[in-house]
Amino acid sequence: MQHYFGTVVSGKAILEGSQAHHLINVKRAEIGEKIEVTDNGETYLCFVKDIDPLEILVLEKVETLRELDIHITVAFALLKGDHNDLIVLKGTELGVDDFVPFVSSRCVVSPKEKEDNRILRLRKIAAEGAAQCRRSVIPSVSSYQTLDDVLKSEAEVKFFAYEGLAGSGDSLLSVAKTLKKGQTVLLVVGPEGGFTHEEARLALDYDFTLVSLGRRILRAETSAIYGASILGAFGEE
Ligand code: SAH
């Protein structure tokens, strides 16, 4: 069944812009078809009463458990090309709640504005991905931050993936075992060129746990997706 994000009021579901477009023009919904609509974390079974103008009636609220027991933020250094898209698309499927693209000293991409078309595209990818995998919430994508902003941000558990620890030190897999239900977790992953020693040291000053993602050096986008997979797996335990 197709899943959409909309607004539910007085027994009706209202879909805006891209969501309505997807239902009518992409999926070519027919009258009588059943769909799911999520509003503010609550999901409803609905049916399409009319197409033109679009009218969707709510049948019943459905109990869903699609979110993790922990809240995951993935802060990733801005990458070249469409690798950022991949992090947001796959991270959304894996249960990441917030994405924070940031700029650190070895980033090759340096955005001129705090928000640009790339950020808008990432938000669209998060919304479409969330609908596709039937999440109850659309993950947020923040405007560009600096590494300093990221290191200063609040979370109960803070991991910094540092390639300098590859094959030694604490692995994310081993430390993530201690996560508890309801905790907020922040994972920071570096750019193609990696983090500098100074950046890793600064993360320690801000009480991050420096973690290894295994014995091999992973590409930045693989690191973010692998890290989200590990956290997501424990978030469903
Ligand atoms: N160019 C660097 C590697 C950068 S990998 C080098 O050759 O050393 C990009 C980012 O992925 C890193 O900054 C880190 O956050 C993460 N990463 C990749 N492999 C990792 C590993 N084995 N352990 C911890 N972090 C890793």
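User: Two residues are in contact if their C-beta atoms, placed from the backbone, lie within 7 Å. Leaving aside its neighbours within four places in sequence, what is Glu 93 in contact with?
Analyst: This is a predicted model, where local features need pLDDT of at least 70, side-chain atom pairs count only at pLDDT 80 or more, and totals for chains, interfaces and linings use all residues. Residues are numbered from 1 along each chain as its sequence is written. Glu 93 has its place in helix 2 (helices are DSSP runs of H or I, at least four residues, and strands are runs of E, at least two, numbered from the N terminus). Once neighbours within four places are set aside, the contacts of Glu 93 are Gly 129 and Cys 133.

User: Is Glu 93 buried, exposed or in between?
Analyst: A residue is buried with 20 or more other C-beta atoms within 10 Å of its own, exposed with 12 or fewer, and partly exposed in between, with C-beta atoms placed from the backbone. Glu 93 has 17 such atoms within 10 Å, so it counts as partly exposed.

User: How far apart are the C-alpha atoms of Glu 93 and Ala 131?
Analyst: Ala 131 is one of the buried residues of helix 3, along with Leu 122, Ile 125, Ala 126, Gly 129 and Ala 130. Glu 93 and Ala 131 are 38 residues apart along the chain, and their C-alpha atoms are separated by 9.7 Å.

User: What covers the buried residues of helix 3?
Analyst: Let's check the helix itself before its cover. The expected span is 1.5 Å times one less than the number of residues, so the 16 residues of helix 3 (117-132) should span 22 Å, which agrees with end C-alpha atoms 22 Å apart. The cover over its buried residues includes strand 1 (3-5), helix 2, strand 8 and strand 9 (140-141).

User: Which strands is strand 7 joined to by bridges?
Analyst: Strands pair if DSSP finds at least two bridges between them. Strand 7 (residues 71-77) has 6 of its 7 residues buried, so the rest of the structure largely encloses it. It runs parallel to both partners, with 6 bridges to one and 5 to the other. Those partners are strand 12 (residues 184-189) and strand 8 (residues 98-103).

User: In strand 12, what is the bridge partner of Phe 159?
Analyst: Val 157, Phe 159 and Ala 161 point one way from strand 11, Lys 158 and Phe 160 the other, and all are buried. Strand 11 runs parallel to strand 12, with 4 bridges between them. Across those strands, Phe 159 is partnered with Leu 187.

User: Which helix gives the most to the largest nonpolar core?
Analyst: A nonpolar core is a set of buried Ala, Val, Leu, Ile, Met, Phe, Trp, Tyr and Cys residues joined through C-beta atoms within 7 Å. The largest has 63 residues, and those touching the most other members include Val 74, Phe 159 and Leu 187. With 8 residues, the top giver is helix 7 (residues 220-235).

User: How far apart do the C-alpha centres of domain 1 and domain 2 lie?
Analyst: The bounds come from an automatic or database domain assignment, which gives domain 1 (3-62) and domain 2 (71-235). The C-alpha centres of the two lie apart by 33 Å.

User: And which element gives the most to the side of domain 1 that touches domain 2?
Analyst: The contact takes 7 residues from domain 1 and 6 from domain 2. On the domain 1 side, strand 1 and strand 4 (34-39) are the elements giving two or more residues. The most, 3 residues, comes from strand 1.
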